[in-house]
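Here's a walk through the empty spaces, the packing and a few individual residues of one model. Have the structure open as you read.

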Amino acid sequence: MFTYREIESGPKRRRGQGRSVRIRAVPGMAVAVGVYAALRLLSVALLAVFAEHRDASVWGELSSYDATWYLDIATGGYDTELARRPNGGPAPTNLAFFPLYPGLIAALDPIFPGGPRAAALAISWVAGLVAAAGIYAVGAQVRDRRTGILLAAGWAVVPHAIVQSMAYTEGLFTAFAAWSLHAVLSRRWLLAGGLCLVAGLVRPTAAALVAAVGLACLVAVVRRQDGWRPWVGGLLAPLGLVGYLAWVGQRLDRLDGYYYGQKHTWGTSMDGGRYTVGQSWRIVSSKQDLALYAVTAVLIAAVVLFGLAVAERQPWPLLVYAGVVLVTTLAGSGYYHSKARLILPAFTLLLPVATALAGARARNLAAALGGLALGSAWYGAYLCLFWRYSP
């Protein structure tokens, strides 16, 4: 079992050995990406079958809800002020959505056939593959090749994995986060900080990555390791997130513009978890929709998995990252039905599961993974076609 100290202070490779290690890693990564792609295609195919029976468009379902906000930003730009409803109340603002994804849509749309919706889905699907490769790389470095493959496969079949195939940002952010964390574990500080910077332009979940990368760089500085590189990596890490928050503040002419918009137009803020605990208790003690029971189960499972990750002594940057994602999700008020989706980028929570599955026999492993894949695909179709709110 590796700890962060053991990874960073392990025996140095002899000259030329690093190249052979990278070459041997390629097949494992290819398997992980291939398995991930197959599992996601199964989910989309099942959604298409259900959509046809309900006279719905699978492409429309994959680019609905939050996707419409990103598409509107890509084609029309950001709000210049907080809008009002006809009754005078505040209307949700698109300033809540970070700029990299709509920017990529706008850049790809003119050269990609099918319009901005097709461009948005293409970006999400490619990002999912890159994320799977990064997830494998982290799992393989912390544990072994088999665990890395199963970690990527597990991320493909979590209950809300359908979001990875939608025009949402979870896949894009996770791609940057996974490779940034891998760079941290490899002590490539400039790459870690640069990827973290870009991730900060994707979604506010980047606060967790900034915490992990920034703290790792700080530790390296205190230990006087790797010269100037951790200094620069640590300085780069928060620039994307802070830069967008500052831009929104300037646009709304108030320093806390982003959080003001979140609270007063979207109804979300940090309350220390009171809302989440209250909603969870209400759901488990009364008759509710399936989606709400599933979200509650995912939140409980995430807390348990984090405890297992601590007990297994995962590398502490991974614990910091997953812990901050989990805490900010649980501590936020509003949109309870989306909380399981908000935890999706915390792929490291699945490491205990992947480690356990790695020791299973091939037949049992195939049965477990197949059952999870079908369950996730069915639930994804339910979220898109039957659930009345965003996934």
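What follows covers the core first, then the open and closed spaces, then some single residues.

This is a predicted model, so to speak of local features we need pLDDT of at least 70, and side-chain atom pairs count only at pLDDT 80 or more, while totals for chains, interfaces and linings use all residues. Residues are numbered from 1 along each chain as its sequence is written, and side-chain values use heavy atoms, with hydrogens and water left out.

**Core and packing**

The largest nonpolar core has 115 residues. A core here is a set of buried Ala, Val, Leu, Ile, Met, Phe, Trp, Tyr and Cys residues joined through side-chain atoms within 4.5 Å; buried is under 20% relative accessible area, exposed is over 50%, and partly exposed is in between (1.4 Å probe, protein chains only). Ile-105, Leu-209, Tyr-321 and Phe-347 have the most contacts inside this core, and helix H6 (residues 115-142) gives the most to it, with eleven residues. Helices are DSSP runs of H or I with at least four residues, numbered from the N terminus.

Who sits around Tyr-321? Leaving aside residues up to four places away in sequence, Tyr-321 touches Phe-173, Ala-177, Leu-181, Ala-208, Leu-209, Ala-212, Pro-345, Ala-346, Phe-347 and Thr-348 (contact means heavy atoms within 4.5 Å).

Helix H9 (residues 189-199) has Trp-189, Ala-192, Gly-193, Leu-195, Cys-196 and Ala-199 buried. Seen down the H9 axis, these buried residues fall within an arc of 165°, so they line one face of the helix; the arc is that of the directions from the helix axis to the C-beta atoms.

**A pocket and a cavity**

On a 1 Å grid over the protein atoms alone, a cavity is a set of points where a 1.4 Å probe fits but cannot get out; a pocket is an open set with protein on both sides within 12 Å along at least five of seven lines, and lining residues have an atom within 4 Å of a point. Points are joined across faces, edges and corners, and a volume is the space filled by probe spheres set on them.

The second largest pocket has a volume of about 1100 Å³. Of its 41 lining residues, Pro-204, Tyr-258, Gln-262, Thr-268 and Leu-342 are the closest to the centre. The lining divides into 22 nonpolar, 13 polar and six charged residues; Ala, Val, Leu, Ile, Met, Phe, Trp, Tyr, Cys and Pro count as nonpolar, Asp, Glu, Lys and Arg as charged, and the others, Gly among them, as polar.

The structure holds one cavity of 30 Å³ or more, and about 40 Å³ of space lies in the largest cavity. Its lining includes Tyr-258 and Gln-262, and H13 gives the most to it, with four residues. No charged residue lines this cavity: the split is six nonpolar and four polar.

**Single residues**

Here are four residues with their relative accessible areas.

| Residue | Place | Relative accessible area |
|---|---|---|
| Leu-239 | helix H12 | 48% |
| Arg-251 | helix H12 | 27% |
| Tyr-65 | loop between H3 and H4 | 30% |
| Asp-253 | loop between H12 and H13 | 70% |

Arg-251 touches Tyr-78, Asp-79, Thr-80 and Leu-95, not counting residues up to four places away in sequence. Phi is near 55° in Tyr-65 and near 60° in Asp-253. Most residues other than glycine have a negative phi.

Methods: Helices (H or I, at least four residues) and strands (E, at least two) are DSSP runs, numbered from the N terminus.
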